[in-house]
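User: Can you take me through the aromatic contacts in this one, and then one of the helices?

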Amino acid sequence: MNGQWKPGQPLTADDRAILAPLLARARELGRSPKVGEVPEAARIKARFRIWKYALMAAGLPVMNDPEQVRAREKEKLENQ
């Protein structure tokens with residue numbers, strides 16, 4: 001693993017291992033998790049630099065995707 005990942009670069013086995021907690025949390029939540037919802041976020045961001053790139057590398061929708069925004073809003077309303 002060399003430096004920080006950039007969009008378009010292939011993922012290495014190490015990258016996949018780093019992204020595993022992100023993908024697991026996404027499965028639990030049923031949506032893309034926010035940074036604070038993934039305990040290993042610091043390690044993920046160290047490799048992928050910004051959360052958007054980590055989500056892209058994991059094949060998850062980015063945070064401002066309309067469906068993701070609606071899912072978070074719905075979750076917020078349900079938890080009130």
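Analyst: Ring pairs come up below, followed by helix H2. This is a predicted model, in which local features need pLDDT of at least 70, side-chain atom pairs count only at pLDDT 80 or more, and totals for chains, interfaces and linings use all residues. Residues are numbered from 1 along each chain as its sequence is written, and side-chain values use heavy atoms, with hydrogens and water left out.

User: How many aromatic pairs does the structure hold?

Analyst: Two. Rings of Phe, Tyr and Trp (its six-membered ring) pair if their centres lie within 6.5 Å; planes under 30 degrees apart count as stacked, over 60 as edge-to-face and the rest as tilted. Trp 5 and Phe 48 form a tilted pair, because their ring planes are at 55 degrees, with the centres 5.5 Å apart.

User: Where do Trp 5 and Phe 48 sit in the chain?

Analyst: Trp 5 is in the segment before helix H1 (13-29) and Phe 48 is in helix H2 (residues 41-48), so the pair links distant parts of the chain, 43 residues apart. Helices here are DSSP runs (H or I, at least four residues), numbered from the N terminus.

User: And how is Trp 5 paired with Tyr 53?

Analyst: Edge-to-face, since the planes of Trp 5 and Tyr 53 are at 70 degrees, with ring centres 6.5 Å apart. Tyr 53 lies in helix H3 (residues 51-58), so this pair ties the segment before H1 to a part 48 residues away in sequence. Ring pairs thus link Trp 5, Phe 48 and Tyr 53 into a cluster.

User: Is Tyr 53 buried or exposed?

Analyst: Buried, at a relative accessible area of 18%; the cut-offs are under 20% for buried and over 50% for exposed, with partly exposed in between (1.4 Å probe, protein chains only). Trp 5 is also buried, at 5%, and Phe 48 is buried at 0%.

User: Switching to H2. Which residues are buried there?

Analyst: Ala 41, Ile 44, Arg 47 and Phe 48. They cover an arc of only 130 degrees around the axis (taken from the directions from the helix axis to the C-beta atoms), which puts them on the same side of H2.

User: What about the other side of H2?

Analyst: Ala 42 and Arg 43 are exposed there.

User: What happens just after H2?

Analyst: Arg 49 takes a positive phi of about 70 degrees.

Methods
Helices (H or I, at least four residues) and strands (E, at least two) are DSSP runs, numbered from the N terminus.
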